[in-house]
Every structure is written in C-alpha cells, then in structure tokens.
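Open the model in your viewer and colour it by chain. The stops below follow the contact between the chains, from the whole interface down to single pairs.

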2 protein chains.
Amino acid sequence: MNLDNVKGTRDIAGEDAVLRRRVIETLQRVYEKYGFQPFFTPVLENAEVLKTKISDEMLGLIYEFEDKAERKIGLRYDLTIGLARFAASNQTPMPFKRYQIDRAWRYESPQAGRYREFWQADIDILGVESAKADAECLACVSEALESIGIKNFKIRVNSRKLLDEVAKSAGLQEREKGKAFQIIDKMDKIGKREVEKQLQAALGKEKAGKFLASLTGKSEKSGKTKRSTDDLDDLRKYASMYGISGKIEQDAMLVRGLAYYTGLIFEIVFDGKGKEGKRQSIAGGGRYDDIIEKLSGKKIAATGISIGLDRVCEILKGKGREGKERGEGESRAEGEGSYGASKSITKYYLIPISEEQRGYAIDVLKDLRKKGFNADIALLDRGPGKSLEYASKLGIPFTILIGKEEQKQKKVKVKDMRTGEENLVSVKDLK
Amino acid sequence: MNLDNVKGTRDIAGEDAVLRRRVIETLQRVYEKYGFQPFFTPVLENAEVLKTKISDEMLGLIYEFEDKAERKIGLRYDLTIGLARFAASNQTPMPFKRYQIDRAWRYESPQAGRYREFWQADIDILGVESAKADAECLACVSEALESIGIKNFKIRVNSRKLLDEVAKSAGLQEREKGKAFQIIDKMDKIGKREVEKQLQAALGKEKAGKFLASLTGKSEKSGKTKRSTDDLDDLRKYASMYGISGKIEQDAMLVRGLAYYTGLIFEIVFDGKGKEGKRQSIAGGGRYDDIIEKLSGKKIAATGISIGLDRVCEILKGKGREGKERGEGESRAEGEGSYGASKSITKYYLIPISEEQRGYAIDVLKDLRKKGFNADIALLDRGPGKSLEYASKLGIPFTILIGKEEQKQKKVKVKDMRTGEENLVSVKDLK
C-alpha cells in the first residue's frame, strides 16, 4: 500500500513537534496578554462563502468538493474567512478581538517551507476603523515574534490609499493601476531594473517614469521625500506610543494581494543572518474593511495580521542548529533562543533495573508527576542499557535508575545524560 | 448569501472558546507530564489508507473527494489513522508515546453534542504488548479528567480475548459471535430484557442462555463469579500500582467497535448528577495490535484512549451553569471546578477617559502586559459608560479608568466589575 503523505502535507514528530508545541504555546500566551480571545471556526465552509470574491488569485486554489448530500463545500484557505462569516452572521460586542492558531489549505505547488496544508497564527480586530487597532496588532505580533526568539525583523507598512493616490497623480487608468501594482509587488523578486522595464512595457515610458517618481516621493507635486496618508500618519503616532516605531519601515513598493485590502497593509520580514540567508516574509496583513460587507451587507471595519507558522518554525529550527554548531544548544536549553535547542518535552526517564522494582519505581514516578515534572517510565522488559539508549535517542535530559539497593535506601540514581554524571539522591530532593 | 455553517460544524466563540482553550491546555499539561509527546498528522489522508479495514462501520462515514490532480483523498475520521500510517512508514524509537488534540470528521447525523466536525484528545503508546502501557494510559487519562474538573467517572474495562473465550465456550459460530456482540453492546441503550430477547432471536433460546450465563460468569465451568483473562489480570495489577483501581470496573458487556480492537478495551463513563442526568460515555479506547500490520506488514503493538472533547466541554459548561445557580460560579473562578465559571481570558480592561490620556494609558497597558497580565484597552472613541458596558458583556473582571487626575498622580482607578467597588491605586501596585 502507498503510505506516502498526501502531496503537500506532512507529519510533524520528535523535535519538530516539540518546537511547534512551544511556539504555539508562546504565541497564545502573548496574544492573550494583548486581549485577543480564543476562537475556533470550522475547517469546512460552504463553497459559496469560500468563493466570495475576497481574492481572485485564491479561487483556483480552493480544495472544493461535494458531501454525500451533494452540498458544495470546501476546506478554508485562510483563517479570516471563518471570522468574516461569523461576524457577518452573529451579533457580537465590538470591538471583537480574536486569535486563531490553526490550519488552512491551498492547492499550490509545494516548495521548501510551503505546504498545501499549512498553519497560520492570526490576530484580528473587528469594529475599529482607527489605526489604534492596527498599532495594537503590530505591537502584539512584535512581542510574539520576539518571545519565540525571532528578533531580527522589520515591519514594512504601506497604505492602499496612498497607492491609489499615487496612481491617480501619475494619471493611471483603473486597468493600468492593477497591472502597475502587480509589477511593483514583485520588486523583491525581480529587482528594480526589471520592475522599471516591465512598467515601461505596461504603461509607456512617460507614465512609468511619472508613476515611479511619484511612488518614491520624488515628484514635484509632493514636496516631501516620502509621501504619506492620514492612516499612515496615525499608525506612526500610535506605534510610537507602543514603542515599536523602530521596527516599522514605510515601503512604497509594498502592495500585498490587491483584491483583499482596503487601507493600511503590513508585511513582516525576517532578516536572516548565517545559513537562513536572505530576507523572508514571515507575516502579513492589513485592513480589510469591505469583506464582511461583501458577505452580508453589514459594514464592519477589520484589520489583522497573520504569522506563517511553518516558515517561523523552519527559521527557529535553523537557529537551533546554528546554536548547536556554536556549542550553545544545550547550555541555553531553558533560556533565550532555546526553541530549536531543546529536544524533549520529558525531563525524567525512570528505569527499574528489574521487574521487582516496578512498584517502587511507579511510586517515584507518581511523586515526580505530582510535583509537576514531565516524567516517563520504561515499559519494555529490556535491559537498562537499551533503556538508556532509548532515553538518549529521545533527548531526555535525565534518567533515573532504580535497583534493589536504591529501593532499600528510598533513594534513586539520577544520571545527567549530557555529562554522564551520576548522583544518588533522595526522592524528595528531586527537582 | 447563505451564511450558515456547514451542516454538523460550528463556531466556538466567547465563553465556550475560553472553556475549550483551558481544557485543551490542561489536557496537554497532564499528557506531557506522563511522557506523551506532541505530534501532528495531516487532516488529509489518501483514501486508500483511510479505507484500510480498520472499522467497517466507518467506511460510509468518510469525507472523501478528489483533488485537482484526481488523487483520491479524504478527511481523517479519527486521530489514530495518521498515527498508524506514520508508524507503518517511519522508523521511530519504541515505545512511541504521543498525544494529539485535534479535529476529525465523520458524516454522521448531527445530534446534541455530536458534530460532523469534532475534536478528540488522544494518547497512545506504540510498541508495548504488556498491560503496563494500558495502565499508564488509564492513569494519565484519569488525572487529565480530574484536572479539568470531571471527577465522577468510572473506567469500564473488558477484553476482546475474554469475549472470544466466552463465545467459544457457549459454542457460538463466527457469524453468531459478531451478531451476539452487536446485541450486548446495546445493553446501555435497550436494557437487559431486550438484550435477552434479541439474543434469543439471533442464537436460539438455549445458546442465548448459555452465552449470557457464561458472559456474566455464572457458568458451571468458570467456577468464579467473574471471568478473567491474563490481560485483565495484568491490568488490575498495574492499575493498583498506579493507584487507580478504585476507578476501574470490569464490564462483561463492554464490546466497543469489534472490527478495531484486539485485546483490552476501555470506556470511560461520566456519572452526571443534576441536570446532565444520565451516565454518558466521554472516552474510549483499547488495544489495536493489528492495525499497523494491516497497513504495512510491520507488527507493532498499540494501545490508546481518546477523550471526546466536545462532550467533555458540554459537561463542564453544564457544571459551570449549575455552579452559578448555586452561587458558586464567581467566587470559585480561580479554583476547582472553575472551567465553566470564568468567562473571560482578559483580566484588565483599560479605559482612557479622553484621547488625551491614551499615551499614558498605553504606558500603563505596556506595564501590565510586561508583568504578564492579560490586559486590553478601549479602541473606540466612545464614552466610559459604553466601554464599561462592553467590559461587562465580555465578562472582564476588572476595568481601569484613566482620567486627567489619575495621570497627574501616576495612579489608576480600578473597578471590580463584580462588586462595583472602586480603588485608586499606584500602577506599580497592580497585581
């Protein structure tokens, strides 16, 4: 039988699962500290809702099918669609702040770090038009990233309103505008020269020049080196109150999925040093004040940001590897940057030397668990050597050997698996 | 547009989401304390794997479809199938202990507390034949249930091996055996008299009588009042070491999905007092030593147990309501049985009296969050009255009003939303 995973999906086990568990737990803690509420929406949505023109590009990527009663349903392609449907069909006190850390599905070509079944960690605020909400989201996501050990990042911001103004002042038609935005959106991938070339092909030389100049703020009209709009000014003001101004960079070239956003847009870029190398996008978001209205006619302002959890875990895994290569891995297991380093969620592994000691070993085990320690016990009848090997493979830091003598003395022999050091200690002194 | 949820699915928001979040967190903590590792398998599996004859009844319930490349795939119907596929296709140190708290899908008739998209909280141990593994699972799940506030439960156990022996000693043919087991499995629903009637219809009067007598241990042959097998005896021995014997009841009538299990089987039954009324099954599991072999030819012993998370949350919600009716809800918010009582995940809600105080209010907010408190701030320009109303609706226990005077004195006015009591305190004294 073919036991491969479905294309674009995977199992997450061992160290990778421990890392992911810790990342999710930390993100939850920070999100909740910022007043975002837990929230769960279904994986399955009606196709009609999924296909509401939230994003043209997305239509071809939806996992869609019929259930046994021929209802057209599908798997959600992001966590926002369920939120929007919920807000459109329920009365809920506003503002509604919620987070979701969960899966979504897109039928894309799988690549390194990109899966068809993928995880996102979203925060959103509904019901607030002001940039206060955007600043709150950005402050939260900044602390969340720092808390999982990603510190070297920038928050690129721009505004759809500014982009529209620029296009208008360069005399672009609606159709030209769409094309022009698609082209500048590729700046990171294709470079400035190619963007210029493509813009000239799409708009003609004169318009392209005017558009680019206006975009970068060098037009005669603007008078400033950087163009701005009210929403960007407000965001700057509130970001400064939150103390995150240093992370924020205005980027006139930032576009992000045109069909979706209505005002401020964000992209968080991780500046990888060492092996991860290049800048990579790890989160994105912005204002989507029109989506709920499109679903239901109810106008509800909305903003939010979404961390790509798979990407972030890949980066942390790389950091862990680097740390280990620099010899930092083990000693930093509890502290900063520990996410990639610590391999096991279990602290103690108990090994009764023979079956006669099992009863006493289980007493020790119960005691450890009562104290809140993650502790496990050998369940197979194999020699202590094999059990030690097993604990080592799993990366469990301490083993506890329990023989006749230990039982008699009401003690245990603790072995530090990293140093090999052994100590005879009283059960009550275990910590 | 039809904004209904897909049939059998639902959104979980507000108090329900807070409750679920706490339950999941507690289960994770206990599972990890027992050495079960985090583990994530995909929602999507290949149809061929899903349809491996793990359980006949399940075949008709699978959400199955073709992806855009006409691959036959489907949504998992439980969390065990991904685990079994993983173990069949990967080398992993044995024993492999893992937990998963996640969703699965079955095309069943939705009922109160039963959804087509549902949650399970599983622990499993692969690679251990002995009842040591079963006892470890039962000890873990007992503590997990107690930790979320469910104490009034029994663990019914039985063994497939015993059932087979009984059927043999009553002279049942293979086909008769299947029928007979299906009938006694309905004991809880249809009662003893009806079981007897149906058994007589299926087996004839004489065989039915022999079978029932043998099942309940009253046969001449057995000589004991309760029949047993080695695996049941072992389970009793280890359960006693773990101190959970008092929770365990042997139930000769327990069958649980014949096609699946090979040895010991378990069912945890909650004994509802008050409104929840009747006994309800909240978890089930057992030995499935053959599944991985069916997938891959690799023989790997396996046992596990799965808590029905939706059912358990419903029970806790009911307990919360009851507690409130008895006037316990609020005062017990932090302690035992608090799962249904505490409505909000946010502790403090900050309300700047006017926009001039926003900067100072955000300073207070940053300070609270730095201390680890869950704190939120009013983001809409509406009067303090409306903001207080909002905090009350969300069940936030404390509001903090910040006006000119407070700012000048570097203080804040804290309002206990339950008692209405207000206190002027220094920011540094907030706790």
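Buried area is the accessible area, taken with a 1.4 Å probe, that two parts lose on being put together, summed over both. The model shown here is predicted.

**Stop 1: the whole interface.** Select chain A and chain B together. By that definition they bury about 8,500 Å² between them, and 59% of this area lies on carbon and sulfur atoms. Now pick out Leu3(B), Phe40(B) and Leu379(B): these supply 9% of the area that chain B buries against chain A, more than any other three residues. To show the full contact, select 100 residues from chain A and 100 residues from chain B.

**Stop 2: charged and polar pairs.** How many salt bridges are there between chain B and chain A? The count is 14. Polar contacts across the interface of chain B and chain A come to 47 residue pairs, both residues at pLDDT 80 or more. Colour the side of chain B that touches chain A by residue class, and it divides into 49 nonpolar, 33 charged and 18 polar residues.

For one salt bridge, select Glu32(A) and Arg21(B); their closest N and O atoms are 2.5 Å apart. Then go to Asp102(B) and Arg103(A), whose side chains form a salt bridge at 2.4 Å, N to O. This pair crosses between chains, with Asp102(B) in strand β5 (residues 96-105) of chain B and Arg103(A) in strand β5 (residues 96-105) of chain A. Zoom out for the total: the whole structure has 83 salt bridges over all chains.

**Stop 3: α9(A) against α12(B).** Select residues 230-242 of chain A, helix α9, and residues 358-370 of chain B, helix α12; their axes come within 9 Å and cross at roughly 45 degrees. That crossing makes α9(A) oblique to α12(B). Show side chains for Tyr238(A), Met241(A) and Tyr242(A), which meet residues of α12(B) including Arg358(B), Ile362(B), Leu365(B) and Arg369(B). By class, this contact has five nonpolar, four charged and one polar residues.

**Stop 4: α12(A) against α9(B).** Next select helix α12 (residues 358-370) of chain A and helix α9 (residues 230-242) of chain B, which pack at an angle of about 45 degrees with axes 9 Å apart. α12(A) is therefore oblique to α9(B). On the α9(B) side, display Tyr238(B), Met241(B) and Tyr242(B); on the α12(A) side, display Arg358(A), Gly359(A), Ile362(A), Asp363(A), Leu365(A), Lys366(A) and Arg369(A). The classes in this contact are five nonpolar, one polar and four charged residues.

Technical notes:
Residues are numbered from 1 along each chain as its sequence is written. Chains are lettered from A and ligands numbered from 1 in the order in which they are written. This is a predicted model: local features need pLDDT of at least 70, side-chain atom pairs count only at pLDDT 80 or more; totals for chains, interfaces and linings use all residues. Side-chain values use heavy atoms; hydrogens and water are left out. Contact means heavy atoms within 4.5 Å. A salt bridge is a side-chain nitrogen of Lys or Arg within 4 Å of a carboxyl oxygen of Asp or Glu. A polar contact is a pair of N or O atoms within 3.5 Å; within protein, one must be able to donate a hydrogen and the other to accept it, and residues adjacent in sequence count only if both atoms are side-chain atoms. Ala, Val, Leu, Ile, Met, Phe, Trp, Tyr, Cys and Pro count as nonpolar, Asp, Glu, Lys and Arg as charged, and the others, Gly among them, as polar. Axes are lines fitted to C-alpha atoms, for helices over the stretch in contact, and angles run from 0 to 180 degrees between N-to-C directions. Helices (H or I, at least four residues) and strands (E, at least two) are DSSP runs, numbered from the N terminus. Angles under 35 degrees count as roughly parallel, over 145 as roughly antiparallel, 65 to 115 as roughly perpendicular and the rest as oblique.
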